[in-house]
Amino acid sequence: MTAEQAVARYYDAWRTRRGDMSGVPLADDFRFLGPVASFETADGFREMAGQAGQAVTSFEVRRQFVDGNTVCSIVDWEMA
């Protein structure tokens with residue numbers, strides 16, 4: 001699976017699966033560091049996404065740039 005394909009699964013989970021990340025490949029050493037919340041494990045992130053996904057009302061990828069294994073996306077999303 002390419003990085004772009006993995007990212008597409010991630011965005012699909014927000015857009016159509018209400019945050020269900022079960023089909024999204026996350027690394028064994030996954031960590032998420034963000035301005036609102038941080039997670040040390042993939043399981044913790046998946047749990048948060050499943051809860052937060054219920055509030056997502058709109059998710060759109062406006063622009064995306066791919067350079068090898070690096071994917072940079074500009075997204076708009078709204079939450080209730």
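So, helices and strands to begin with: this chain has two helices and four strands. Keep in mind as we go that we're looking at a predicted model. If you walk along the sequence, the pattern you meet is α-β-β-α-β-β. The radius of gyration is 12 Å, close to the 12 Å that the globule rule gives for 80 residues, so the chain is as compact as a globular protein of that length. In terms of extent, the C-alpha trace spans about 35 × 30 × 25 Å along its principal axes.

A few overall numbers, then. Buried residues account for 22% of the 80 residues. The accessible surface adds up to about 5600 Å², and carbon and sulfur atoms own 48% of that. On charge, we have 8 positive and 12 negative side chains, with the centres of the two sets sitting 4 Å apart. And if you take the contacts between residues at least 6 apart in sequence, 40% of them join residues at least 24 apart.

Okay, the inside. Which residues have the most contacts inside the largest nonpolar core? That core has 15 residues, and the ones to look for are W14, M21, V24, L26, F30, F45 and F59. Helix α1, helix α2, which is 42–52, and strand β3 each supply at least two residues of this core. As a general point, nonpolar side chains tend to be buried together in soluble globular proteins.

Let me stay on F45 for a second. Leaving out neighbours within four places in sequence, F45 touches Y10, M21, L26, F30, F32 and F39. M21, L26 and F30 should sound familiar, since they were on the list for the core a moment ago.

Now please find the loop between α1, residues 3–15, and β1, residues 32–33, because I'd like to show you two residues there: R18 is one, and G19 is the other. Buried or exposed, what is G19? G19 has 0% relative accessibility, so it counts as buried, the cut-off being under 20%. Around G19, again leaving aside neighbours within four places, the contacts are A13, W14, R46, A49, G50 and G53. R18, on the other hand, is partly exposed, with a relative accessible area of 40%. What's curious about R18 is the backbone: phi is positive, about 55 degrees, although R18 is not a glycine. Most residues other than glycine have a negative phi.

Let's move to another loop, the one between β3, 56–67, and β4, 70–79, where you'll find G68. G68 is exposed, because its relative accessible area is 60% and the cut-off is over 50%. Now look across to A3: G68 and A3 are 65 residues apart in sequence, yet C-alpha to C-alpha the gap is 7.8 Å.

There's a similar story with E4, which belongs to helix α1. E4 and F65 are 61 residues apart along the chain and 9.3 Å apart in space, C-alpha to C-alpha. Which residues does E4 contact, beyond its neighbours within four places? Those are Q64, V66 and V71. E4 itself is partly exposed, at 41% relative accessible area.

One last pair, for contrast: G19 and D67. They're 48 residues apart along the chain, and their C-alpha atoms are separated by 26 Å.

Notes. Residues are numbered from 1 along each chain as its sequence is written. This is a predicted model: local features need pLDDT of at least 70, side-chain atom pairs count only at pLDDT 80 or more; totals for chains, interfaces and linings use all residues. Side-chain values use heavy atoms; hydrogens and water are left out. Buried means under 20% relative accessible area, exposed over 50%, partly exposed in between (1.4 Å probe, protein chains only). The radius of gyration is taken over C-alpha atoms; the globule rule is 2.2 Å times the number of residues to the power 0.38. Contact means heavy atoms within 4.5 Å. Accessible areas come from the Shrake-Rupley method with a 1.4 Å probe; for residues, only the protein chains shown count as cover. Lys and Arg count as positive and Asp and Glu as negative; His and the chain ends are not counted. The place of a charge is taken as NZ of Lys, CZ of Arg, CG of Asp or CD of Glu. A nonpolar core is a set of buried Ala, Val, Leu, Ile, Met, Phe, Trp, Tyr and Cys residues joined through side-chain atoms within 4.5 Å.
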